[in-house]
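Q: Please examine one part of this predicted model closely, namely its internal spaces, and then place that part in the context of the surrounding architecture. A connected account would be preferred.

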Amino acid sequence: MPRELPPLNAVRAFEAAGRNLSISKAARELGVSSGAVSHQVRLLEEYFGLPLFLRETRRVSLTSAGQACLPALTAGLDRIEEAVHRMNQAQKPGRVSVSVEISFAERWLVPRLARFRATYPEVVVELMGRPLDLEAAVYKSNFAIAYGSRRFQGLIVERMMSEYVYPVCSPTFASAYGLERPSDLRRGAPLLHDDTMARNAWYPDWSTWLSGQGQHDVDTAAGNRFTASSMALQAACEGDGIALGRGALVASDLRSGRLIAPFGIAHAPSFDYFVVGLPAALEQPQVAVFRDWLLDEGAKEGAALRPTG
């Protein structure tokens with residue numbers, strides 16, 4: 001029997017307005033006028049015979065009926081978007097899209113892509129930078145590279161490698177502050193803070209790392225803060241302070257001598273990196289090729305992520 005569906009334009013307008021709790025924000029998101037959004041929402045209310053919004057002078061709020069239907073409509077539009085993305089991907093044979101945190105891509109993955117390209121020239125890799133939130137990433141790409149210690153429900157999860165976290169700084173910075181052991185940080189060496197990672201309970205911050213070394217009288221609130229790991233590490237390379245570095249992100253700088261691990265003490269392993277995706281996406285031949293290559297690269301990394309001092 002035919003599906004009983006409301007007007008899809010009206011559904012899109014209501015979903016955007018309900019998710020944002022704003023007609024004007026929904027209009028900007030959809031690229032239409034506020035009046036057009038209001039008109040489509042009224043059409044949906046007429047379709048259901050129920051008010052979906054309580055309209056106030058400067059804001060809107062959902063009625064109980066609006067609250068009841070919004071999550072399902074949002075999920076439905078997400079699945080439509082996923083289907084469109086899958087269709088577009090199917091028209092691009094040999095293309096693999098990967099959702100990945102930008103700092104990890106810049107410092108670990110991108111430097112390795114030339115090797116992959118040399119072996120598999122027929123596969124085109126599309127990297128999609130994202131914030132840490134993984135919720136929608138696997139629906140907008142073939143798979144995601146994720147990290148943490150949490151479970152990923154309803155997805156295929158394959159471990160790439162474990163991560164080690166330890167202090168890193170430039171050689172000149174270490175010399176200037178006489179950094180040979182953790183207690184030397186009490187001399188006032190500026191600490192650099194990676195707020196991107198600090199939002200995750202499983203990632204050690206300076207307080208955690210220092211407590212693990214028996215150091216409790218270092219001011220861990222002071223120091224510059226950064227919203228990307230790559231920025232904090234660049235500041236460390238420039239001699240602006242000492243940062244807690246992820247082994248995968250600092251390995252090349254340690255090899256080149258731009259950074260050193262003055263104490264050689266890691267908070268390890270702090271978490272794992274994973275390849276995370278939907279079964280249908282990971283089964284595509286070109287996706288499987290890149291996934292297997294990534295897992296092999298992670299296995300090779302192994303103990304190389306540990307600090308050497």
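How many cavities of 30 Å³ or more does the structure hold, and what lines the second largest cavity?

A: In this predicted model, the structure holds 2 cavities of 30 Å³ or more. The second largest cavity encloses about 40 Å³ of space. Its lining is made up of D194, Y203, S229, A232, L233, L244, G245, R246 and L249. Two elements each give two or more residues to this lining, namely helix α11 (229–237) and strand β9 (242–246). Sorted by class, the residues around the second largest cavity comprise 5 nonpolar, 2 polar and 2 charged ones. The charged members of the lining are D194 and R246.

The setting of this cavity is a protein with 14 helices and 10 strands. Of its 309 residues, 47% count as buried. Among contacts between residues at least 6 apart in sequence, 76% join residues at least 24 apart.

An open space may be set beside the enclosed one. The second largest pocket contains about 260 Å³ of space. Its lining consists of L8, R12, E15, A16, R19, E29, L30, T74, L77, D78, I80 and E81. Helices α1 (8–20), α2 (23–30) and α4 (64–90) each supply at least two of these residues. By class, the pocket lining has 5 nonpolar, 1 polar and 6 charged residues.

Two of the charged residues in the pocket lining, E15 and R19, are paired with each other. R19 forms a salt bridge with E15, and the closest N and O atoms are 2.8 Å apart. Because the two residues are 4 apart in helix α1, about one helical turn separates R19 from E15. The partners differ in exposure class: R19 counts as partly exposed because its relative accessibility is 42%, whereas E15, at 6%, counts as buried. Side chains of opposite charge can pair when their charged atoms come close.

The R19–E15 pair belongs to a total of 17 salt bridges in the structure. Another of them joins R291 and E158, with the closest N and O atoms 3.7 Å apart. This pair links distant parts of the chain, since R291 is in helix α14 (residues 285–301) and E158 is in strand β6 (residues 156–168), 133 residues apart. R291 has a relative accessible area of 15% and is therefore buried. E158 has a relative accessible area of 23% and is therefore partly exposed.

A further salt bridge is formed by the side chains of D217 and R186, at 3.5 Å from N to O. Here too the pair links distant parts of the chain, as D217 lies in the loop between α10 (206–212) and β8 (225–226), while R186 lies in the loop between α8 (171–176) and β7 (191–194), 31 residues away. R186 counts as partly exposed, because its relative accessibility is 48%. Beyond such individual pairs, salt bridges that share partners join R112, R115, D296, E297 and K300 into one network.

Two serines complete the account. S256 lies in helix α12 (residues 247–256), the helix whose range also takes in the cavity-lining residue L249. At 48% relative accessibility, S256 counts as partly exposed. The side chain of S256 has a polar atom 3.1 Å from the backbone oxygen of D253. A polar atom of that side chain also lies 3.3 Å from the backbone nitrogen of R258.

The other serine, S61, is placed in strand β2 (residues 60–62). S61 counts as buried because its relative accessibility is 15%. Leaving aside neighbours within four places in sequence, S61 is in contact with L21, L52, F53, L54 and E56.

To return to the part requested, the second largest cavity holds about 40 Å³, and α11 and β9 are the elements that give two or more residues to its lining. The second largest pocket, with about 260 Å³ of space, draws at least two lining residues from each of α1, α2 and α4, and its lining includes both partners of the salt bridge between R19 and E15.

Conventions:
Residues numbered from 1 in each chain as written. Predicted model: local features only at pLDDT ≥ 70, side-chain atom pairs only at ≥ 80, totals over all residues. Heavy atoms only, no water. 1 Å grid on protein atoms, 1.4 Å probe; cavity = no way out; pocket = protein on both sides within 12 Å on 5 of 7 lines; lining within 4 Å. Points joined across faces, edges and corners; volume = space filled by probe spheres on them. Buried < 20%, exposed > 50% of the residue type's maximum accessible area, 1.4 Å probe, protein only. Polar contact = N/O pair within 3.5 Å; in protein donor to acceptor, adjacent residues only side chain to side chain. Salt bridge = Lys/Arg side-chain N within 4 Å of Asp/Glu carboxyl O. Contact = heavy atoms within 4.5 Å.
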